[in-house]
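Visitor: I'm new to this one, and I'd like a close look at a single part of it. Could you pick up one strand and walk me around its neighbourhood?

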Amino acid sequence: MSARPPPTEAPPPPTQRAASIVLVNTGDGKGKSSAAFGVMGRAWARGWRVGVIQFIKGGSWQVGERKLADHLGVEWDTLGDGFTWESSDMDETEALGRHAWQVARDKLASGDYNLLILDEITYAVTYGWIPVGDVVAAVANRAPHTNVIMTGRDAAPELVAVADTVTEMVSVKHAFERGIRAMKGIEY
């Protein structure tokens, strides 16, 4: 009988319970917000109070996730005015993004939520509407039992650093590249 070779990796640390965690869904692939809304459904099913703050999508968007949230009684704030490249007034678009951050910051500190989804917040940071340090401080100092999911492309390194779990969605292929328009029930 031969001896087993020594392990090449250290064993994982013992598991522990955390009061709450921070997740970041980033990358250029599809599914960042969809994954967050899947967690929204799971959290609701566990009796959690859930809030969603959308930084980019506007009120005219009729997204399926919002219909589900309304049906479940999930608090949903759509505070943007749509895609930035469609904006007719970038000063107003930026002001809406800053207002969304004020709403999110207050909710993070309130202790009223078990889960807050900050949908597309990375864009507001990347575009310079919100200082990344303000987001990091508010997330790090959030109410103890408030879990947070931040979504959007190009998450700043500081957002990645404050997170407990980071998932990067990678686009391998997308129907849009072949001229196929967004489809209800799949993209929205």
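Visitor: In which sense do β1 and β5 pair, and over how many bridges?

Guide: Before anything else, keep in mind that this is a predicted model. As for your strand, β1 and β5 pair in the parallel sense, and four bridges link them. To see one spot in that pairing, find V22, which stands opposite V148 in β5. Strand β1 also pairs with β6, residues 165–169; these two run parallel as well, joined by five bridges. On that side, T165 is the bridge partner of L23.

Let's step back for a moment to see where this sits. The protein chain has six helices and six strands, and from the N terminus on its elements go β-α-β-α-β-α-β-α-α-β-α-β. There are 188 residues in the chain, and 39% of them count as buried. Along its principal axes, the C-alpha trace spans about 75 × 45 × 35 Å. Links between distant parts of the sequence are easy to find here: take the contacts between residues at least 6 apart in sequence, and 77% of them join residues at least 24 apart.

Now back to the strand. Most of β1 is covered, with five of its six residues buried. Nonpolar side chains tend to be buried together in soluble globular proteins. In this model, the largest nonpolar core has 30 residues, and those with the most contacts inside it are I53, F55, W101, L108, L118, V135 and M150. Several elements each supply at least two residues of this core, among them β1, β2 and β5. Helix α3 gives the most, with five residues. M150 is a good place to look if you want to see β1 meet other parts of the chain: leaving aside residues up to four places away in sequence, M150 touches V22, L23, V24 and N25, and its other contacts include L118, V135 and L159. There is also a second, separate core of 14 residues, which includes F37, A43, L115 and I149.

Two of the residues just named, A43 and L115, turn up again around a pocket, as does I149: the second largest pocket is lined by I21, L23, V39, R42, A43, R46, W48, L115, N147 and I149. About 150 Å³ of space lies inside this pocket. Helix α1 and strand β5 each supply at least two residues of its lining, and α1 gives the most, with three. By type, the lining divides into seven nonpolar residues, one polar and two charged.

Finally, follow the chain off the end of β1. D28 lies in the loop between β1 (22–27) and α1 (32–45). Is D28 buried, exposed or something in between? With a relative accessible area of 44%, D28 is partly exposed, because that value falls between the 20% and 50% cut-offs. D28 also brings together places that are far apart in sequence: D28 and S171 are 143 residues apart along the chain, yet 5.8 Å separates their C-alpha atoms. Beyond residues up to four places away in sequence, D28 touches R153, M169, V170 and S171. M169 belongs to the stretch 165–169 that makes up β6, so the loop after β1 meets the end of a strand that β1 itself pairs with.

Terms used:
Residues numbered from 1 in each chain as written. Predicted model: local features only at pLDDT ≥ 70, side-chain atom pairs only at ≥ 80, totals over all residues. Heavy atoms only, no water. Buried < 20%, exposed > 50% of the residue type's maximum accessible area, 1.4 Å probe, protein only. Contact = heavy atoms within 4.5 Å. 1 Å grid on protein atoms, 1.4 Å probe; cavity = no way out; pocket = protein on both sides within 12 Å on 5 of 7 lines; lining within 4 Å. Points joined across faces, edges and corners; volume = space filled by probe spheres on them. Nonpolar A, V, L, I, M, F, W, Y, C, P; charged D, E, K, R; others polar. Core = buried A, V, L, I, M, F, W, Y, C linked by side-chain atoms within 4.5 Å.
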